[in-house]
Amino acid sequence: MAGTKNHDYHILEPDIWPLIGAFSALTFTSGMVLMMHDMASWQIVLGLGIMGLIATFFSWFGNVVKEAQGGDHTPVVQLHMRYGMILFIASEVMFFVGWFWAFFDFALFPEPLTYDPETGLTTTLFGQEGALARATLVPEGMEVLDPFSLPLLNTLILLCSGTTVTWAHHALIHGDRDGLKKGLWATILLGVLFTSIQAYEYAVAPFGFGGNTYSSGFYMATGFHGFHVLVGTIFLIVCLLRAYKGHFTPRQHFGFEAAAWYWHFVDVVWLFLFIAVYIWGGWGAPIH
């Protein structure tokens with residue numbers, strides 16, 4: 001019979017939201033560029049982009065949830081969604097590889113340079129005795145954050161959150177809805193606590209964003225990680241709301257599984273940041 005579905009794949013209906021999302025992303029990035037150059041009307045452009053992206057997230061992801069609850073996410077569809085999430089996390093890994101690469105390049109291969117405004121030439125910086133000046137990642141006399149204070153506390157918080165999200169996952173697999181909700185609540189609260197401590201850490205940090213490669217690398221790497229923690233927390237909040245609505249079953253819960261994968265990825269990245277940036281990167285510098 002014509003039009004009869006005789007396969008396990010989900011053929012999507014035409015949807016306007018991917019197009020709206022693309023234009024919203026373009027508007028958002030344009031607004032950011034206008035803001036960085038302090039050009040007129042950047043607030044309007046940036047605001048329109050943000051509103052468009054938020055509307056796209058709610059509508060597009062809402063459609064995905066409806067498809068899942070409507071039975072469209074067959075085992076084959078779920079398998080391909082897992083492939084998609086794996087590729088997404090792989091792209092995020094490469095994103096952070098770039099920041100780690102830059103940080104280690106600053107530290108292991110320093111090239112001290114100075115600029116001569118009279119000649120317009122950039123030349124190698126030499127010491128008073130003619131020897132190449134020793135370059136360090138942390139400038140001499142600059143204070144750094146104590147890695148075994150707030151950063152260590154945040155490390156323990158994220159490690160604990162990894163156990164609580166795993167608890168929630170196992171509770172869901174075994175049909176324990178109460179354990180699922182408690183595990184999600186605990187993970188979300190730990191995520192909010194991590195973000196709050198990091199915000200306080202930035203507020204009391206003895207160095208600003210610019211000025212040298214250490215501070216710039218520090219804020220870019222840890223700042224983007226903090227943004228990912230915030231996104232992961234929102235991801236888990238959506239899962240908690242869905243859990244209260246009775247969504248997810250032991251056999252079909254990819255939405256929660258994707259959130260758990262993402263959260264574990266965030267945990268692992270932080271461990272590398274804690275060791276490389278906080279401990280190794282500031283080794284030997286005065287502690288704030």
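This passage describes the confidence of a predicted model, one pair of helices and one histidine. The model is predicted: local features need a pLDDT of at least 70 and side-chain atom pairs count only at pLDDT 80 or more, while totals for chains, interfaces and linings use all residues. Residues are numbered from 1 along each chain as its sequence is written, and side-chain values use heavy atoms, with hydrogens and water left out.

The mean pLDDT (the predictor's confidence in each residue, from 0 to 100) of the protein is 86, and 87% of its residues reach 70 or more. Over residues 122-136 the pLDDT is below 50, and this stretch has 20 contacts in the model beyond near neighbours in sequence. Contact means heavy atoms within 4.5 Å.

Helices are DSSP runs of H or I with at least four residues, numbered from the N terminus. The axes of helix α5 (residues 177-204) and helix α6 (residues 213-244) come within 9 Å and cross at roughly 155°. Axes are lines fitted to C-alpha atoms over the stretch in contact, with angles from 0 to 180 degrees between N-to-C directions. Helices α5 and α6 are therefore roughly antiparallel (over 145 degrees) to each other. The contact of α5 with α6 has 16 nonpolar residues (Ala, Val, Leu, Ile, Met, Phe, Trp, Tyr, Cys and Pro), nine polar and three charged (Asp, Glu, Lys and Arg), the others, Gly among them, counting as polar.

H264 lies in helix α7 (residues 254-280). With a relative accessible area of 31%, H264 is partly exposed, a class between buried (under 20%) and exposed (over 50%), for a 1.4 Å probe and protein chains only. Leaving aside residues up to four places away in sequence, H264 touches G162, V165 and T166. The C-alpha atoms of H264 and G232 are separated by 9.7 Å, and these residues are 32 apart along the chain.

How values were computed: Helix = DSSP H or I, 4+ residues; strand = E, 2+ residues; numbered from the N terminus. Parallel < 35°, antiparallel > 145°, perpendicular 65-115°, else oblique.
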